[in-house]
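Please look through the sequence and the model shown here, and then follow the report below, which goes from a surface patch to confidence, to backbone angles and to strand pairing.

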Amino acid sequence: MEAQIRAVTGLDLVITGAIDVSVFPGSYVSFHDVGLKGGGTIDPALQVDVLTANLRLLPLLLRRFEIADVMMLRPHIRVVRDGNGESNWTPFVDTIARAMKPGARTSVVLGNPDPGRRAQLRGRHQHVSEMLGDIDLSLAWPSISRSFAATGQFDWRGERVDGSISASDFVAALSGDRSGLKARLASAPLKLAFDGTVANVPA
């Protein structure tokens, strides 16, 4: 199970709590107090109170472990960027980009996140630290489509912010290639909208 999670995310799994295993009626493994971090980093990029990996029943009967989907309870996301623009999430983004390329066999299905999650954004060399709280997101990531969309709300500096973002070619966006992008942020102090393209290489 740990090897499969590492293969899917590109991050190392750190478990400090109990592990629950169920075969019938539901086939799953639940890890308590879980952290996911990249090699060489100290603090986990993602901390989760309970991470549950639901297993496919038929492979289990054949004595194989295959993850059907992953559910996260109260995740805490931590993003740290260095002076080169890399972040502690770079291994995960690179792995997802490879997995979504045509012909790749790896698939990732995330269940609906639980309310009460937080995200911390930090620039290591710029001494910038921001905390997003009470995040409530809805994701649209069709497996047969290249598009990706997210819409929801979060708290930032005492203000409730409504936001949405969509990429027309999610694989290209993850790889740094040109992709259409729409984004919108709305709160009491400001409203911001963008409709254009994004790429990692200047043009």
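Ile19 counts as partly exposed in this predicted model, because its relative accessibility of 46% falls between the limits of 20% for buried and 50% for exposed residues. This residue lies in strand 2, which covers residues 19–22, and together with Val21, Val23 and Phe24 it makes a nonpolar surface patch of about 470 Å².

How far the predictor trusts its own model can be read from the pLDDT. The chain averages a pLDDT of 76, and 73% of the residues score at least 70. Among the elements of the chain, strand 11 has the highest mean pLDDT, at 94, whereas strand 6 (residues 117–123) has the lowest, at 60. Over residues 106–115 the pLDDT is below 50, and this stretch has 17 contacts in the model beyond near neighbours in sequence.

Some residues deserve attention for their backbone angles. Arg74, in strand 5 (residues 67–81), has a phi near 50°, which is a positive value in a residue other than glycine. Asp134, which is found in strand 7 (residues 128–140), likewise is not a glycine and has a positive phi of about 50°. As for exposure, Arg74 is partly exposed because its relative accessible area is 39%, and Asp134 is partly exposed because its relative accessible area is 42%.

Which strands pair with one another towards the later part of the numbering? Strand 9 pairs with strand 10, strand 10 is joined to strand 11, and strand 8 is joined to strand 9. The table sets out these pairings, each of which runs antiparallel.

| Strands | Residues | Bridges and sense |
|---|---|---|
| Strand 8 and strand 9 | 148–156 (strand 8) | 9 bridges, antiparallel |
| Strand 9 and strand 10 | 159–167 and 179–186 | 6 bridges, antiparallel |
| Strand 10 and strand 11 | 191–198 (strand 11) | 8 bridges, antiparallel |

Individual residues show where the strands meet. Ala149 has Ser166 in strand 9 as its bridge partner, while Asp162 has Ala186 in strand 10 as its bridge partner, and Gly180 stands opposite Thr197 in strand 11.

What connects these strands along the chain? Strand 8 and strand 9 form a hairpin with 2 residues between them, and Arg157 in the turn has a positive phi of about 55°. A hairpin also joins strand 10 to strand 11, in this case through 4 residues.

Terms used:
Residues are numbered from 1 along each chain as its sequence is written. This is a predicted model: local features need pLDDT of at least 70, side-chain atom pairs count only at pLDDT 80 or more; totals for chains, interfaces and linings use all residues. Side-chain values use heavy atoms; hydrogens and water are left out. Two strands pair if DSSP finds at least two bridges between them. Patches are made of residues with over 30% relative accessible area and no salt bridge: like charges are joined within 9 Å, nonpolar side chains (Val, Leu, Ile, Met, Phe, Trp, Tyr) within 5 Å. Accessible areas come from the Shrake-Rupley method with a 1.4 Å probe; for residues, only the protein chains shown count as cover. A salt bridge is a side-chain nitrogen of Lys or Arg within 4 Å of a carboxyl oxygen of Asp or Glu. Buried means under 20% relative accessible area, exposed over 50%, partly exposed in between (1.4 Å probe, protein chains only). pLDDT is the predictor's confidence in each residue, from 0 to 100. Contact means heavy atoms within 4.5 Å.
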